[in-house]
Each structure stands twice: as C-alpha cells, then as structure tokens.
Amino acid sequence: MWTLIQIELFKIFRRPRTYIAFAAIAALIGVVQLGLKIDGQAYVSFMMRDISSSISVEGKILNGYQVCYIVLQALLVHVPLLISLVAADMISGEANMGTLRIMLTKPISRTQFLLAKFIATVIYTLLLLVWLAIMALFVNMLIFGTDDLFLLKSQYVVLLKKDDVFWRYVCAFGFAALAMTTVAALGFFLSLFAENSIGPIIATMSVIIFFTILSTLSSIPLFNAIKPYLFTTHMIGWKEFFDIKVNDANEAIVGTIQNPGKIVQSSIVLVLHIIGFITAGIFVFRKKDVLS
Amino acid sequence: MRISIIILFVCSCAISYGQDMTALVMKVKAKLDQVNDYEAEGKMKTDVAFIKAPIGKVRVFYKKPNKFRLKKDGGISLLPKGGVSVNMNSIFTTSEFVALAAGEAMVNGVNTKIVKLLPTNENSDIVLTTMYIDEPNLLIRKSVITTKENGTYTIEMNYGKFAQYGLPDKVVFNFNTKDYYLPKGITLEFDDANEKPAEAEKLKNRKGKVEITYSNYVINKGIPDAVFK
C-alpha cells in the first residue's frame, strides 16, 4: 500500500499543475503582506470604524496573528478551489491519458488502488495547508511580530491574549485539514465520473461556490433549514477556536473556547462527508466498467 | 418689606453655602496638589456587553497639570472613548469653576457632600461635574462627569493605602456605549441562526464598565514627558 501511495505522490508532484496552488498561495499572501505593511493603518482604521465611536483601541492591532487571521478568512474560502485542481484529476486524469485500464491490470484490488490515490491526495492537501501555515502564520509572525489578537465578530468583539493565540492557530489548521480533506474527497469522488480532468475540477468548484452562497444566505428561512447539512457551512468551523468564554462578570476566561460542541459537531459532519464520498467512490469504482 | 428681608436672607445663605463649597473643593484640590506625578500598576477589567476581553495588567502615568496615560503591559487595550483619561487630578487643572452645593448623599456607606462644579471656561470639554465629597477625609468618593464629546461618565473611587494623597485603590468607570453590529457576510458567520434569545438580549445592554484596581503607586519620583507621547 505504501508503495502505491509513493507512486501516486510521485505522479502528483511531477505535474506542474500541482505547484500552481503553492505558487498561488505564496503570491496571494505576499500581496496581502505587502499591502498591509505599506498601508496597514488605513486597513485598521476601516476595520475599527464601527467600534471606534465608543471604544478606543490602543496597541499593535496589526500584528502577525491578526494578519494571519485576515489571510485565513480570505483564503480558506478559495483554497478548496486549488485543492480541486489535483483531487479532481486523480482518476479522470488517468482515464484521460488512457492509463487507468492498464493500471487496473496490476495485482491490486480496486479498493486498494482507490484508497492509495485518495491518501496521496490527502497528503498533497496537508502539504498545501502546511505551506499555508508557514506563509500565513510563521512568515507574518516574523514580519509583523506577535501581540494580542483583536477580532471583530458580527455582534461582539474578542480580545485574545498573545499567549492564548498560538494553540488556537494549531487547532484551527488541524480543523482546516479536515475541511480541506472533505473538499479533496468531493473532487476525488467526482473524478470517477469523467474521462477528462476539466469536468470534475469545474464540477467541484461549482459545488463549493454554490454551497458557499447558500450558506451565506442566512436571511432566507428555506436556506436556513438546509444550511446545517451543507459541508461548506461547517468548513468555517475553524473560526470557533477564536471565540472565548466569559464568566458571569463578563471576564474572558483564558484558554477556553466558546462553543467546543459546535467544533465537534462540524468535525463529525465533515468526517461523515469524507467517509460518504470515499465509500460511494469505492462502490462506484468497483462496479465501473473501465474502458479507458 | 418682610418679603425683601426673606429674599435677602435666602440669597445670603445661598451665597455663603456656595462659598463653603468652593472652599471645600479647594481643600480637596490642595490635597491632590501634593501629587506632582505618579506611576501606578494595576489590573483593568473591561465589562462591556459586546466586548470579550480578559483582565489585563495596566500601568498608569500622571504628571501635572493634566498629562495622563494608561498603558497595558504589552498587548491591546480597550478603553471607553475619552473616559479613562478623566481623572480627578486633571479635573482640577483650572481654578475657573463655580462650585454649588447640591445636598448630601451616602456613597458606599460614607456620608458625602454633593457639589456641582461648573467650568467657567466655555472651551472646556467638561460641561458639568457632580462630586460626592467625603468632607472629613477630603476624598472624592464619586463623580458624575458630563462632557461635550463623549457623553456622561460615572467614576466611583475606593480608597486605601494612598488615601492621604487622594489617590484611589480602585476606580470604576461607568459609561454608555453605542450599538455594535457588523453584517455576517463580512465576518463570514453563517450558522448563528439559532442564537439563544437571552444571549442576544445581553448583547444589547448599552452600559459599559471599566474597573481599575491599583496595586501600587510611585508618587513624586518624576516621569519623563516621553511617556505621554
């Protein structure tokens, strides 16, 4: 099995397409860093315009932790699109090149073949997230330094102490890995139904965009009812790590999470989606008449 | 004739009462004037419905006549706009005020004289200050300050070791806040439709409170002006 995974990883990292995602992340974060370094104060003023009428906020708001949060908020919606470039190509790419049928003549089961490909996809996804963590967290910590993290939520603001932030990012990236694996599983599943890569890549992107839009339309009751079942709703669960509990005196309790239950619930939904996509994929692939 | 005598008597009483209050205020000012500068360490607790913040260590610097700076020991601090910089010493930066008696009241079990302080300078940001003065100890126990720019604040003070300088061990600022709301589309919060009504109601509370508990003062040791920049 490990040999199979190694072969698949070799194939993934031999293709130039794989590096588009890494380059795109580096470029996007680089642009954000440059912009905030040059004109960060204007961004902070814009961010604070609603709160500054009654509260004055003093300190180094634009620090590495803050920039990382800004980057993640913007990028974690788009990283799935980059993941789909590889995940949705895993089976359909082989079919397109005409190598799928030959590969299946080897003495390995279709399930093993599919699982090896999926595990390789997951490894690629995790590496992409590690790259994102290096660029968004560690590089920003170096450029902008570290300080307390000040976050604006829709109805309240959260101030997290500097010492209480890093572990939250570790957990958030862990959760993001789960969310991105769900995207990879979807792209992988869709790649079973096509004989060229473009179709499943576009289909995966479309599903994510469509579901994300449905998730944001919270003012329409019909969409509110289906929202809990959309995996895109749960993909932003990483933000829950950055909300803190308060006691009866309204003091934030350092080291706590406001809604750990929500994170567990979202994790379960995402894991169920991964299992569902892969099980369905194995079922389809075992029955599939491979002609290409 | 009799009415004129009564009016004259009432006016003279009022005038003498007003003068008494000015004298009392000047005595309190003289007590606070012992302090040329101070640096204090303390803990600050912010209690505003829409702010979730932990207790933070702060350092407060004051220098005559009206330099005041509150710094958090590293990190970000959230303070009511303009409010915390209002301290008793800076209220007395000028002697251009009219002090009027407004009765007596109990503040935290202490009998106090109520004094209304009206600045005579039209450019002053403070419109009216109501002081609750503990006359025997010459301490201000409570103040209600109305400003032009930042609304009305209530400041309550508890005294301990540094009462002889008129410096409080604990200061509680009460102030009004404005509504805070950002669209969920901006903050990317999709799943708060089932928010508990009690929580939502709690967030609508427009009263804010900041408590600073001082642990130590360093008085009259000199503070460089650079600290206030």
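Of the 229 residues of chain B, 31% count as buried in this predicted model. Chain B is built from four helices and twelve strands. Take the contacts in chain B between residues at least 6 apart in sequence, and 56% of them turn out to join residues at least 24 apart.

**The ten-stranded sheet of chain B**

Ten strands of chain B make up an open sheet with antiparallel pairing, and their order is 4-3-1-12-11-10-9-8-7-6. Which strands stand at the edges? They are strand 4 (67-72) and strand 6 (97-107) of chain B; each has a single partner strand, so one side of each is left without a neighbour in the sheet. Going across this sheet, neighbouring strands are turned against each other by 20° on average, direction ignored.

The run from strand 6 to strand 9 of chain B can be followed pair by pair. Here are the pairings, each with a pair of bridge partners:

| Strands of chain B | Sense | Bridges | Bridge partners |
|---|---|---|---|
| strand 6 and strand 7 | antiparallel | nine | Ala101(B) and Val115(B) |
| strand 7 and strand 8 | antiparallel | five | Val115(B) and Met131(B) |
| strand 8 and strand 9 | antiparallel | eight | Thr130(B) and Val144(B) |

Val115(B) is a handy residue to click on here. In strand 7 of chain B, Val115(B) is the bridge partner of Ala101(B), and Val115(B) also has Met131(B) in strand 8 of chain B as a bridge partner.

Now for the turns. Strand 6 of chain B and strand 7 of chain B form a hairpin with two residues between the strands, and there Asn108(B) takes a positive phi near 50°. The hairpin that joins strand 7 of chain B to strand 8 of chain B goes through six residues. As for where these strands sit in the sequence, strand 7 of chain B spans residues 110-119, while strand 8 covers residues 126-134 and strand 9 covers residues 139-147 of chain B.

**A buried loop residue**

Further along chain B, Thr177(B) lies in the loop between strand 11 (170-176) and helix 3 (184-187). Is Thr177(B) buried or exposed? Thr177(B) has 21 C-beta neighbours inside 10 Å, and because the cut-off for a buried residue is 20 or more, Thr177(B) counts as buried. Thr177(B) also takes part in a link between separate stretches of the chain: Lys207(B) is 30 residues away in sequence, yet the C-alpha atoms of the two are 5.9 Å apart in space.

**Two crossing helices in chain A**

Over in chain A, have a look at helix 7 (residues 110-144) and helix 12 (residues 260-287). Two packed helices are described by the angle between their axes and the distance between the axes. For helix 7 and helix 12 of chain A, the axes come within 10 Å and cross at roughly 140°. Helix 7 of chain A and helix 12 of chain A are therefore oblique to each other, since only angles over 145 degrees would count as roughly antiparallel. The crossing of helix 7 of chain A past helix 12 of chain A is right-handed.

Which residues meet there? From helix 7 of chain A come Arg110(A), Thr111(A), Leu114(A) and Phe118(A), and from helix 12 of chain A come Ile278(A), Gly281(A), Ile282(A), Phe285(A) and Arg286(A). Sorted by class, the contact of these two helices has five nonpolar, two polar and two charged residues.

**Where the chains meet**

Between the chains, 38 residues of chain A are in contact with 32 residues of chain B. On the chain A side, strand 1 (55-58), strand 2, strand 3 and helix 9 (198-216) each supply at least two residues. Strand 1 of chain A gives the largest share of that side, with four residues. By class, the chain A side divides into 16 nonpolar, 13 polar and nine charged residues.

There is also a sheet shared by the two chains. Three strands form this open sheet in the order 2(A)-3(A)-2(B), and the pairing is mixed. Its edge strands are strand 2 (149-152) of chain A and strand 2 (51-52) of chain B, each pairing on one side only.

How does the mix arise, strand by strand? Within chain A, four bridges join strand 2 to strand 3 (residues 157-160), and these two run antiparallel; Leu151(A) stands opposite Val158(A) in strand 3 of chain A. Across the chains, strand 3 of chain A and strand 2 of chain B pair in the parallel sense over two bridges, with Ile51(B) as the bridge partner of Val157(A).

Technical notes: Residues numbered from 1 in each chain as written. Chains lettered and ligands numbered in written order. Predicted model: local features only at pLDDT ≥ 70, side-chain atom pairs only at ≥ 80, totals over all residues. Pairing = 2+ DSSP bridges. Axes fitted to C-alpha atoms, helices over the stretch in contact; angles between N-to-C directions. Parallel < 35°, antiparallel > 145°, perpendicular 65-115°, else oblique. Left-handed = near helix turned anticlockwise from the far one by under 90°. Contact = placed C-beta atoms within 7 Å. Nonpolar A, V, L, I, M, F, W, Y, C, P; charged D, E, K, R; others polar. Buried ≥ 20, exposed ≤ 12 C-beta atoms within 10 Å, placed from the backbone.
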